[in-house]
Amino acid sequence: MSAAIIDGAAISKSILAELKTEVQELQQSHAVVPGLVTILVGDNPASLSYVTRKVRTALELGFHEVQENCDADISEKDLLALVERYNQDSSIHGILVQLPLPDHIDEKKVIYAIDPDKDVDGFHPVNIGRLLLGGDEVRFPPCTPAGIQELIVRAGVELEGAEVVVVGRSNIVGKPIANMLLQKNPRANATVTVVHTRTRDLAAHCRRADILIVAAGVAGLVKPEWINPGCCVIDVGVNRVGEKISSKTGKPVAILRGDVDFDAAKEIAGSITPVPGGVGPMTITMLMKNTLASCRARL
Ligand code: NAP
């Protein structure tokens, strides 16, 4: 039997509709709207495309959105001063610095300069610490892991006591999602294993997963025979494997593949996210959710 497809685009749309209603209520009750500043340095096409989508979504929700597009040669000092300006701006509840930054700027310094209470990406060490502590301490769960957790919960997949295997241990996906799912709360309570390039038998670990989360960045890494029949597969990977001409625009667009062989895996798994249209749309949605939460926290 074919797996249920976890439609991240549809789930994301319904969360955004919920957020929009909350923004309107907040505006009526407190005459305030969430404020987000997006800081882009240079004109890297991928970064520009991500920022454009973030700005568009924020505006659709009725946020106060400020766009800062800086020249690629902005000095580190000036960028830090810009961040500090928005740390002090009470109309701004979320500061997003689009990564990566040019080589002459120390990314760490810039992330550490963001007020942790406005760090809606959840990358500041203070917020990573809060995430590790769990419970009421958590302020801004990082957006991609938060999106993954939301997809699992909304798809009705049981997390309590589940064997979760996470492929990848990056600071932005693998480590935080592993930490989030082992917390003591009803949206977690899983038994989590994290595997990586030094793991002895990747296939054996994957085969016993009730929930398999793959964030390696290697197209087709997970083979169909590694999948536990009936399990939930969350494919975070986004790999450009070629180009095609878009039937809508007539322009070349990237062909994207996940880390899992989707066509074969969907015949074995119980549920699975597609690439694109799975985890991807959730990341921006969770950024908006964090910005709204930050605004509420200020009230
Ligand atoms: P990353 O920083 O490159 O980390 C990849 C992790 O996977 C590393 O821990 C690495 O292990 C592990 N890995 C790589 N190849 C492996 C292999 N053959 N066997 C076992 N483990 C392997 O990547 P990332 O930033 O976490 O991103 C992962 C993927 O998710 C990428 O395709 C990225 O584009 C995608 N992504 C998507 C979104 C979204 O919104 N949809 C957001 C973020 C990332 P080592 O630590 O041992 O090197």
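Buried here means under 20% relative accessible area, and that cut-off will be handy in several of the close-ups below. The model shown is a predicted one.

**Figure 1. Strand 4 and its buried residues.** Strand 4 covers residues 94-97, and its side chains go two ways: Gly94 and Leu96 point to one side, Ile95 and Val97 to the other. Whichever way they point, all four are buried. In a regular strand, side chains alternate between the two faces of the sheet. Strand 4 has a parallel partner in strand 2 (residues 35-41), and 4 bridges join the two. To find your place in this pairing, look for Val37, whose bridge partner in strand 4 is Ile95.

**Figure 2. An open, parallel sheet of 6 strands.** Reading across this sheet, the strand order is 1-11-8-7-5-6, with parallel pairing. Its edges are strand 1 (4-5) and strand 6 (191-195), each of which pairs on one side only. Inside the order, strand 8 (residues 232-235) and strand 11 (residues 271-272) are joined by 2 bridges in the parallel sense. A good landmark here is Cys232, which stands opposite Ser271 of strand 11. Strands of a sheet pair through backbone hydrogen bonds, either parallel or antiparallel.

**Figure 3. The antiparallel hairpin of strands 9 and 10.** Here the pairing is antiparallel: strand 9 (residues 239-245) and strand 10 (residues 252-257) are joined by 6 bridges. Asn239 stands opposite Arg257 of strand 10. The hairpin has 6 residues between its strands, and Gly250 takes a positive phi near 75 degrees.

**Figure 4. A salt bridge between strand 3 and helix 3.** Side chains of opposite charge can pair when their charged atoms come close. The pair in this view is Glu68 and Arg85, whose closest N and O atoms are 3.9 Å apart. Because Glu68 sits in strand 3 (residues 64-70) and Arg85 in helix 3 (residues 76-87), their salt bridge ties together parts that are 17 residues apart in sequence. How buried or exposed is each partner? Glu68 has a relative accessible area of 17%, so Glu68 counts as buried. Arg85, at 49% relative accessibility, is partly exposed.

**Figure 5. Glu76 and Lys109.** Stay with helix 3 for a moment, as Glu76 is found there too. With a relative accessible area of 17%, Glu76 is buried. The side chain of Glu76 makes a polar contact of 2.9 Å with the side chain of Lys109.

**Figure 6. Glu150 meets Arg187.** These two side chains form a salt bridge, at 3.0 Å from N to O. The link spans distant parts of the chain, 37 residues apart: Glu150 belongs to helix 6 (residues 143-154), while Arg187 lies in the loop between helix 7 (174-182) and strand 6. Glu150 is buried, with a relative accessible area of 5%, whereas Arg187 is partly exposed at 32%.

**Figure 7. Arg208 meets Glu163.** In this salt bridge the closest N and O atoms are 3.1 Å apart. Again the partners come from distant parts of the chain, 45 residues apart: Arg208 from the loop between helix 8 (202-207) and strand 7 (211-214), and Glu163 from strand 5 (residues 163-167). Both are partly exposed, with relative accessible areas of 34% for Arg208 and 28% for Glu163. Elsewhere, salt bridges that share partners join Glu18, Glu150, Arg154, Arg187 and Lys289 into one network. A search of the whole structure finds 12 salt bridges.

**Figure 8. The ligand and its surroundings.** Which residues are closest to the ligand? Of the 21 residues that surround the ligand, the closest are Arg169, Ser170, Thr197, Val238 and Thr283. Three of these can be followed to oxygen atoms of the ligand:

- Arg169 has a side-chain N or O atom 2.7 Å from a ligand oxygen.
- Ser170 places a polar side-chain atom 2.5 Å from an oxygen atom of the ligand.
- Thr197 has a polar side-chain atom 2.4 Å from a ligand oxygen.

On its own, the ligand has 930 Å² of accessible area, and the protein covers 68% of it. By type, the shell around the ligand divides into 10 nonpolar, 10 polar and 1 charged residue.

How values were computed
Residues are numbered from 1 along each chain as its sequence is written. This is a predicted model: local features need pLDDT of at least 70, side-chain atom pairs count only at pLDDT 80 or more; totals for chains, interfaces and linings use all residues. Side-chain values use heavy atoms; hydrogens and water are left out. Two strands pair if DSSP finds at least two bridges between them. A salt bridge is a side-chain nitrogen of Lys or Arg within 4 Å of a carboxyl oxygen of Asp or Glu. Buried means under 20% relative accessible area, exposed over 50%, partly exposed in between (1.4 Å probe, protein chains only). A residue is near a molecule or strand if one of its heavy atoms lies within 4 Å of it. A polar contact is a pair of N or O atoms within 3.5 Å; within protein, one must be able to donate a hydrogen and the other to accept it, and residues adjacent in sequence count only if both atoms are side-chain atoms. Accessible areas come from the Shrake-Rupley method with a 1.4 Å probe; for residues, only the protein chains shown count as cover. Ala, Val, Leu, Ile, Met, Phe, Trp, Tyr, Cys and Pro count as nonpolar, Asp, Glu, Lys and Arg as charged, and the others, Gly among them, as polar.
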